[in-house]
Amino acid sequence: MQENLKKFAEQSLTEKIVQAVRIRSTHALGGGCINQAGKIETNQGDFFIKWSEQGPEDIFLREAESLEELALPKTTLKILKVYVKTTPQQALPAMLITEFLATAKDDTKHQDELLGRGIA
């Protein structure tokens, strides 16, 4: 992850959670063909970040809106909390920072059922 992106992430998270955030390490994560993604380990916990220099400028604003709408009704689903959402700015790509969720250890069939019930 580029140094300017790390500094921006630290600053943005610090402003959002009103506590000083310092990135201890970053780890690239696999994902789609348009975005880059990673895990940020900080002194305030772990976060998920993705960024893109291609695609619509408001791609992560719209994704954040979708997550925020999904979180409104009472549901059994775990909806990611959005911390930072931006369009490209000052030589930085568009980005989205959310809470980090570890991969579930449950079998896929069980997870599929929980997802179906949560959406219903």
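Colleague: Let's start with charges: how many salt bridges does the structure hold?
Modeller: Keep in mind that this is a predicted model. Side chains of opposite charge can pair when their charged atoms come close. For this structure, the salt bridge count is 8.

Colleague: Which residue does K6 form a salt bridge with?
Modeller: Look within helix α1, where K6 and its partner both lie, 3 residues apart, or about one turn of the helix. K6 counts as partly exposed at 22% relative accessibility, and the partner is partly exposed too, with a relative accessible area of 47%. The closest N and O atoms of the pair are 3.9 Å apart, and the partner is E3.

Colleague: K39 and E41 are linked in a network of salt bridges, so to speak; which other residue belongs to it?
Modeller: The side chains of K39 and E41 meet at 3.5 Å, N to O. K39 is buried, with a relative accessible area of 17%, while E41 counts as partly exposed at 25%. The network links these two with D46.

Colleague: How far apart in sequence are the parts that the K85 and E68 pair ties together?
Modeller: K85 and E68 form a salt bridge, with their closest N and O atoms 3.2 Å apart. K85 is partly exposed, with a relative accessible area of 35%, and E68 counts as partly exposed at 34%. K85 lies in strand β4 and E68 in helix α2, so the pair ties together parts whose separation in sequence is 17 residues.

Colleague: Staying with helix α2, which side chain makes a polar contact with the side chain of E63?
Modeller: E63 lies in α2, which covers residues 59–70, and counts as partly exposed at 26% relative accessibility. Leaving out residues up to four places away in sequence, E63 touches K50 and L96. The polar contact is at 3.0 Å, and the side chain is that of K50.

Colleague: And how far apart in space are E63 and L96, C-alpha to C-alpha?
Modeller: E63 does touch L96. The two are 33 residues apart in sequence, and their C-alpha to C-alpha distance is 8.5 Å.

Colleague: On to the nonpolar side: which element gives the largest share of the largest core?
Modeller: That core has 15 residues, and L13, I49, M95 and I97 touch the most other members. The elements giving two or more residues are α1 (3–17), β3 (45–52), β4 (82–86) and β5 (94–99). The largest share is 4 residues, and they come from α1.

Colleague: Which residues is L13 in contact with, leaving aside its neighbours within four places in sequence?
Modeller: L13 is one of the core residues that touch the most other members. Its contacts beyond those neighbours are V18, V21, F47, Y83, V84 and I97.

Colleague: How many residues make up the second, separate core?
Modeller: Among its members are F60, A64, L67 and I79. The size of this second core is 7 residues.

Colleague: Are the rings of F47 and Y83 stacked or edge-to-face?
Modeller: A search of the whole structure finds 1 aromatic pair. F47 lies in strand β3 and Y83 in strand β4, so the pair ties together parts that are 36 residues apart in sequence. F47 is buried at 3% relative accessible area, and Y83 is buried at 19%. The ring centres are 5.1 Å apart and the planes are at 85°, so the pair is edge-to-face.

Notes
Residues are numbered from 1 along each chain as its sequence is written. This is a predicted model: local features need pLDDT of at least 70, side-chain atom pairs count only at pLDDT 80 or more; totals for chains, interfaces and linings use all residues. Side-chain values use heavy atoms; hydrogens and water are left out. A nonpolar core is a set of buried Ala, Val, Leu, Ile, Met, Phe, Trp, Tyr and Cys residues joined through side-chain atoms within 4.5 Å. Buried means under 20% relative accessible area, exposed over 50%, partly exposed in between (1.4 Å probe, protein chains only). Contact means heavy atoms within 4.5 Å. Rings of Phe, Tyr and Trp (its six-membered ring) pair if their centres lie within 6.5 Å; planes under 30 degrees apart count as stacked, over 60 as edge-to-face and the rest as tilted. A polar contact is a pair of N or O atoms within 3.5 Å; within protein, one must be able to donate a hydrogen and the other to accept it, and residues adjacent in sequence count only if both atoms are side-chain atoms. A salt bridge is a side-chain nitrogen of Lys or Arg within 4 Å of a carboxyl oxygen of Asp or Glu.
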